[in-house]
Amino acid sequence: MIEARHLRVLRAVAATGSFSAAARELGCTQPAVSQQMKALESSAGTTLLIRTGREMRLTEAGQALVRHASGILAGLTAAEEEVAAIAGLRAGRVRLVSFPSGSSSLVPGALAALRAAHPGTRVSLVEAEPPRSVEMLRDGDCDIALAFRYGEPGAEWDDLVVRPLLTDRLTGLVPEGHALADRDEVGIAELAGESWIAGCPRCRRQLVEVCEGSGFTPRIDFATDDYPAVIGLVGAGLGVAVLPALAIESVRPRGARTVTVVPAIEREIVALTLPDLARVPAVAATLDHLALAASKSSPTGAKSSLAAPSGPAGV
């Protein structure tokens, strides 16, 4: 019989490439990892790992087992949490991953309200931008991923439960004293000759696409995932930028002025989870409080949504 603890070890070995690195990640010894892999291979009845130099390579059987491991472990976690909640042992625990501007704007209010309503629920938070955050959810490394996307919804999240939170419009930033600083609305083509400061990779790609649609390619002189750094660079007169309204809401733009940019650039903010996890009471409560926080704290240019989640199996 294949045990869940062996699957966790196999997944760690596959991700790190060695027994010793997997042991460090799991907080155990290298011999313990080796022993558990031998036990798993015995249960599976076939070789799962082959040593190639200093690294371990998965066999075809090992690759198949790793593909199934994430779903198995996520389902097991969901079952444990739901049973615990029903049995009254605890209200549950939730592992949340969020992009930075979501962490500073939506998450604090949501978690404060959640703690007040459900004191026994424990929530942990780490930061990651999509698509990495979505990969973490599918790999079983978190229970909820706060994420965003630009443009029309595609099929990228069809296997997940999608809880819409708000639509966040990107806002232009120019230095104080800039020729366009006193304008209420600025066409993005009017910024064609400017030096640009770009944000995260996904936002950067969207900026380039919008600018090229307006007839020019932006000259990006600075790029940083740190929104306060973007605002600081604009405030110092080093360039212009467009940032999500959520990001500007959480930082005081010293030395910079905000302007409405046309055509509008919008991103959809959502909370994602797996179908099995959506039925866990603690996860469902966290999703509800994230939606409520979005409805209460939507900054200028952002439209909130309290729509029911969408996803597979009608969840």
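The following dialogue explains how to read the empty spaces, one arginine and the cysteines of this structure.

Reader: What kind of model is this, and how are its residues numbered?

Author: This is a predicted model, in which local features need pLDDT of at least 70 and side-chain atom pairs count only at pLDDT 80 or more, while totals for chains, interfaces and linings use all residues. Residues are numbered from 1 along each chain as its sequence is written, and side-chain values use heavy atoms, with hydrogens and water left out.

Reader: How many cavities of 30 Å³ or more does the structure hold?

Author: Rolling a probe the size of a water molecule over the atoms shows where empty space is left. On a 1 Å grid over the protein atoms alone, a cavity is a set of points where a 1.4 Å probe fits but cannot get out; a pocket is an open set with protein on both sides within 12 Å along at least five of seven lines; lining residues have an atom within 4 Å of a point. Points are joined across faces, edges and corners, and a volume is the space filled by probe spheres set on them. Here there is one cavity of 30 Å³ or more, and the largest has a volume of about 60 Å³.

Reader: Which elements each supply at least two residues of the lining of the largest cavity?

Author: Helices (H or I, at least four residues) and strands (E, at least two) are DSSP runs, numbered from the N terminus. Strand 8 (195–198), helix 8 (201–213) and strand 10 (241–244) each supply at least two. The lining includes I197, C203, R204 and P244.

Reader: What is the volume of the largest pocket, and which element gives the largest share of its lining?

Author: The largest pocket holds about 440 Å³ of space. Of its 18 lining residues, R11, L73, D139, G140 and D141 lie nearest the centre. Helix 4 gives the largest share, six residues.

Reader: Is R149 buried or exposed?

Author: Buried means under 20% relative accessible area, exposed over 50%, and partly exposed in between (1.4 Å probe, protein chains only). R149 lies in strand 5 (residues 144–150) and counts as buried because its relative accessibility is 8%. Beyond its neighbours within four places in sequence, R149 is in contact (heavy atoms within 4.5 Å) with G154, E156, W157, R202, R267 and E268.

Reader: How many disulfides does the structure hold?

Author: A disulfide is a pair of cysteine sulfur atoms within 2.5 Å. The structure holds zero disulfides. As for individual cysteines, C200 is buried, at 1% relative accessible area, whereas C28 is partly exposed, at 31% relative accessibility.
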